[in-house]
Amino acid sequence: MAGLAASFGSGAMTNAICELEQSDTIFIIGSNTATSHPLVATRIFRAIEKGAKLIVADPRKNQIANFAHLYVRHKPGTDVALLNGMMKVILNKGISDDKFIAENTEDFEAFKQVIDKFTLEEASNISGVSEEDIKNLAKVYASADNASIVYCMGITQHTNGVNNVKTLANLSMLTGNIGKPGTGVNPLRGQNNVQGACDMGGLPNVYTGYQSVTLGDANKKFAKAWGVETLPTKIGLTLPEMFSGIENDEVKAIWVMGENPVVSDPDANHVKKALEKLELLIVQDIFLTPTARLADVVLPGVSFAEKDGTFSNTERRVTRVRKAIDPVGESRQDWAIIQDVSNAFGYEMNYESPEEIFDEIADITPSYAGISYERLEGPGLQWPCPSKGHPGTPFLHKDGKFTRGKGLFHAIDYRPPAEKTDNEYPYLMTTGRVYAHYHTGTMTRNSESLDFEIPEGFLELNPADAQELGISDGHKIKMASRRGEIKTKVMITDRVEKGVVFMPFHFEETNVNKLTNPAYDPIARIPEFKVCAVKLEKA
Amino acid sequence: MIDTIKQKISGLLSDASVKGVVALKTANGHVTPCVFQKEDDLDMLSLGDMQASGDTRYPLNKVLITIARQYPDDVFGVLVRGCDERGLYTLYRLNQLDPDKVVPIGFCCPEELAKACECKKPYPDDPVAGEKTKEIFQNRMEEIEGMDISKRFSFWMDQFSKCIKCYGCRNICSMCFCRECSLECEDLVSKGSLPVDIPVFHLTRAMHMADRCIDCGLCEEACPSDIPLRVLYKKTSRIMNAEFGFTSGIEKQEKSPLSMLGPAPDN
Amino acid sequence: MDYRNTLTTCTYCGCGCNLFLESLDGRLTGTIPCKTGPVNEGKLCIKGWNVHQFVQSGKRLTKPLLRKNRKLEEVSWDEALDFIASRLKHIKAADGPDAVGFFASAKVTNEENYLMQKFARAAIGTNNVDHCARL
């Protein structure tokens with residue numbers, strides 16, 4: 001999100017999901033859409049039926065790539081090289097939208113210098129995609145009236161993640177494919193309420209609605225609203241920094257609500273050691289997760305089915321969550337738990353309902369100001385929704401009027417991923433999801449039908465590699481990185497190319513995050529889940 | 001039409017001839033399947049026409065099965081269109097519902113919806129409300145039947161390969177009540193990766209729908225990949241009709257030729 | 001008899017599909033996709049169709065747990081809350097507010113995330129709030 005915020009001024013999906021049906025070209029990069037966001041794939045299938053062109057770039061040939069007019073398999077971690085190559089072609093052929101660039105953007109010259117220096121040959125050598133294919137990708141994308149870019153964690157989970165996103169933003173501005181229906185740069189948020197957690201100030205640098213903690217005005221406003229004299233103005237620690245803080249004896253207590261870092265975070269052994277070192281670990285969850293097992297105190301929260309509230313989806317749409325059944329056992333609604341702890345701690349909270357909390361949010365958050373539970377009956381509202389009569393905002397940056405003023409080009413050179421293969425670790429491993437499971441499996445693996453569908457983890461391996469290793473489908477393999485080792489079953493498939501393996505991360509028994517690299521992007525602090533060097537051995 | 005139906009339900013509830021009526025209501029700005037147990041709530045009654053006729057239909061017979069399994073001794077009313085009534089007849093035949101415990105409240109579909117569905121029988125036998133309209137010819141199927149065999153084959157394979165294995169076609173279907181499902185039998189359909197096994201997954205389901213499908217179309221409306229499932233099942237129904245003269249749920253008492261033991265039919 | 005369909009939003013991915021949770025006498029019995037949901041229009045994926053299944057799993061946590069003699073034991077809410085409040089007060093006094101960190105969540109509601117960062121900032125006095133948006 002940091003990348004989009006820097007380029008456009010707003011770190012969110014620029015367009016609505018349903019608008020994909022109006023695109024005449026859709027460019028998917030680093031998203032296994034049919035598996036991870038199936039209802040977004042629906043719109044893409046419909047666009048294709050209507051005659052839209054689909055272009056897909058992904059190291060792994062996922063299901064939706066089978067429907068692409070052009071699919072390219074670039075090497076993991078080479079997105080910038082591929083995209084800069086495309087932009088080289090666009091500039092060379094003179095098919096950029098110069099009017100849009102002149103009127104609505106800035107810093108184009110610095111960006112152009114980087115592209116001028118870069119050659120198509122380099123792009124091809126680095127990414128492993130032929131010059132011909134790069135030319136075609138560029139032509140199809142640039143010649144569309146309404147081209148939409150869809151991306152996901154395949155773009156962001158890299159040490160160059162922010163640069164990858166800024167490069168996609170460059171591509172959209174270069175061709176004027178932003179600020180209209182069916183265009184834009186559209187990150188698909190992996191979890192149901194990632195957007196909401198960010199919107200609500202679940203970040204170390206901002207309050208709700210991205211109001212900075214370092215700005216005097218916002219700071220004073222929130223202090224007044226919350227009835228305290230002062231609020232801290234120093235930017236807080238990000239997740240990876242909190243783990244370093246634990247090691248340096250600076251962080252002593254952590255409260256984890258509904259997260260499972262032991263399975264979800266890179267270098268799991270390291271995470272576990274850090275959490276064990278804490279003086280106080282509070283875990284609030286619905287199951288005894290591997291993280292909860294390390295806690296000093298575990299608070300039983302409730303699932304979405306047992307509470308009222310709101311979620312904000314990947315297209316910034318706020319919709320209602322409604323209580324269907326009473327909380328299981330003595331579990332309590334999570335908002336009530338925080339209130340109970342706060343009151344015990346001595347900071348008084350007296351909310352009667354989530355609606356009362358929401359009204360407080362709307363009072364102090366301009367982008368949510370016009371939203372109320374009453375207005376959320378029906379289809380929900382997409383923020384920004386600044387006033388009671390405002391209809392919400394399906395797409396951002398209308399007519400090239402970016403949230404930040406002008407769209408900002410970034411001059412970005414290709415940098416290789418943090419970890420390379422060598423003689424000892426000759427394979428590149430990348431991670432992701434499978435269709436029947438979600439995240440760390442806390443919920444899906446406790447669902448009978450989903451556990452039946454895919455009961456255990458597996459490693460996708462190219463047939464040629466399997467032959468070299470002398471391993472057959474369904475057999476066990478030992479996989480190690482510089483950080484850890486696991487044993488897992490093998491699925492032989494040409495979805496992955498020779499030298500590249502893929503593994504889903506939902507399964508704690510075969511926790512692939514024991515292997516992944518915690519090296520992270522310097523700005524967004526997103527770890528490089530998508531590239532890690534491994535060695536394989538018959539188990 | 002809705003007032004007539006409201007009166008009918010009101011009457012059934014007031015004289016306690018039913019414990020509840022499975023129907024639709026408008027709540028939270030959306031049409032919602034529900035069970036009416038109090039006359040006072042009937043203000044919220046909906047017939048499932050939000051923007052267009054029948055665009056918010058839901059599998060009410062499926063709701064009825066869920067409730068009837070828990071409350072087998074009680075009588076329930078259920079709101080039915082022509083297809084739903086064919087569904088009830090089929091569910092009686094397959095011993096999933098007891099006709100003595102069900103009071104159908106039938107209404108006819110408007111011509112607009114009958115056309116959109118290409119419906120064979122857009123009305124129940126004994127409607128409480130609405131005018132019976134005539135059978136509509138099956139154009140969509142003719143279109144696909146008109147392709148030559150290799151084109152038809154690749155058409156279907158392309159459609160099936162969009163499947164994301166949500167099982168929505170089965171899950172939404174009132175006629176799919178089996179506790180063990182062939183789609184989950186690993187000897188028939190492998191599991192664990194996408195795309196799903198084609199065409200086995202879809203043809204297995206089509207076989208199972210041959211004497212059950214009542215052409216309500218909810219499967220196709222539930223398909224995230226817009227696969228024209230309804231046309232596929234219309235085709236199996238047509239084969240059943242051509243071979244055995246049987247159409248699911250048209251005759252209340254008729255047994256399925258697929259579940260009868262005895263000599264093979266003459267042809 | 002108490003049969004209900006509760007309109008809500010799916011708890012899995014970021015699509016935000018609307019669905020009905022079907023319940024009979026307090027037990028969840030199924031999921032029905034909402035036809036008028038703007039994102040999903042009556043459709044769901046395999047995860048959404050089965051989203052009711054984990055909710056009443058026998059493995060759910062039903063009571064607070066507190067580590068005593070290295071083992072997690074069931075305790076009352078009062079005991080758990082008192083323990084947390086006194087430990088947090090102690091750590092804040094001894095090591096300062098920035099010795100406490102909070103993992104908000106991409107899985108709970110907006111209201112709950114709001115409340116957690118409010119507690120972190122207003123009650124503890126730290127901006128150490130983050131969540132796994134990046135994962």
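Two strands are taken as paired if DSSP finds at least two bridges between them. With that in hand, the central sheet of chain A in this predicted model is easy to follow: five strands form an open sheet in the order β3-β2-β1-β5-β6, and the pairing is parallel. The edges of this sheet belong to β3 (70-72) and β6 (184-187) of chain A, and each has a single partner strand, so one side of each is left without a neighbour in the sheet. From one strand to the next, the twist averages 15°.

A look inside the sheet shows how one of these pairs is built. Strand β1 (residues 25-29) and strand β2 (residues 53-57) of chain A run parallel to one another and are joined over five bridges. Here A:Thr25 has A:Lys53 in β2(A) as its bridge partner. Packed on the sheet is helix α8 (residues 131-142) of chain A, which touches β1, β2, β3 and β5 (147-151) of chain A. The direction of α8 makes about 130° with that of β3(A).

Chain A also meets chain C, in a contact that takes 114 residues from chain A and 90 residues from chain C. On the chain A side, helix α16 (residues 334-345) gives the most, with nine residues. Sorted by class, the side of chain A that touches chain C has 61 nonpolar, 32 polar and 21 charged residues. Strand pairing takes place across these two chains as well: strand β9 (residues 297-300) of chain A and strand β4 (residues 65-68) of chain C pair in the antiparallel sense over two bridges. In this pairing, A:Val297 stands opposite C:Leu66 in β4(C). In general, strands of a sheet pair through backbone hydrogen bonds, either parallel or antiparallel.

Chain C has a further partner in chain B, and this contact takes 27 residues from chain B and 19 residues from chain C. On the side of chain B that touches chain C, at least two residues each are supplied by β2 (30-36), α2 (60-70), α7 (168-171) and α9 (218-222) of chain B. The largest share comes from β2(B), with six residues. By class, that side of chain B has 14 nonpolar, nine polar and four charged residues.

Finally, chain C itself is divided into domain 1 (3-49) and domain 2 (67-134). The C-alpha centres of these two domains of chain C lie 31 Å apart.

Key
Residues numbered from 1 in each chain as written. Chains lettered and ligands numbered in written order. Predicted model: local features only at pLDDT ≥ 70, side-chain atom pairs only at ≥ 80, totals over all residues. Contact = placed C-beta atoms within 7 Å. Helix = DSSP H or I, 4+ residues; strand = E, 2+ residues; numbered from the N terminus. Nonpolar A, V, L, I, M, F, W, Y, C, P; charged D, E, K, R; others polar. Domains from an automatic or database assignment. Axes fitted to C-alpha atoms, helices over the stretch in contact; angles between N-to-C directions.
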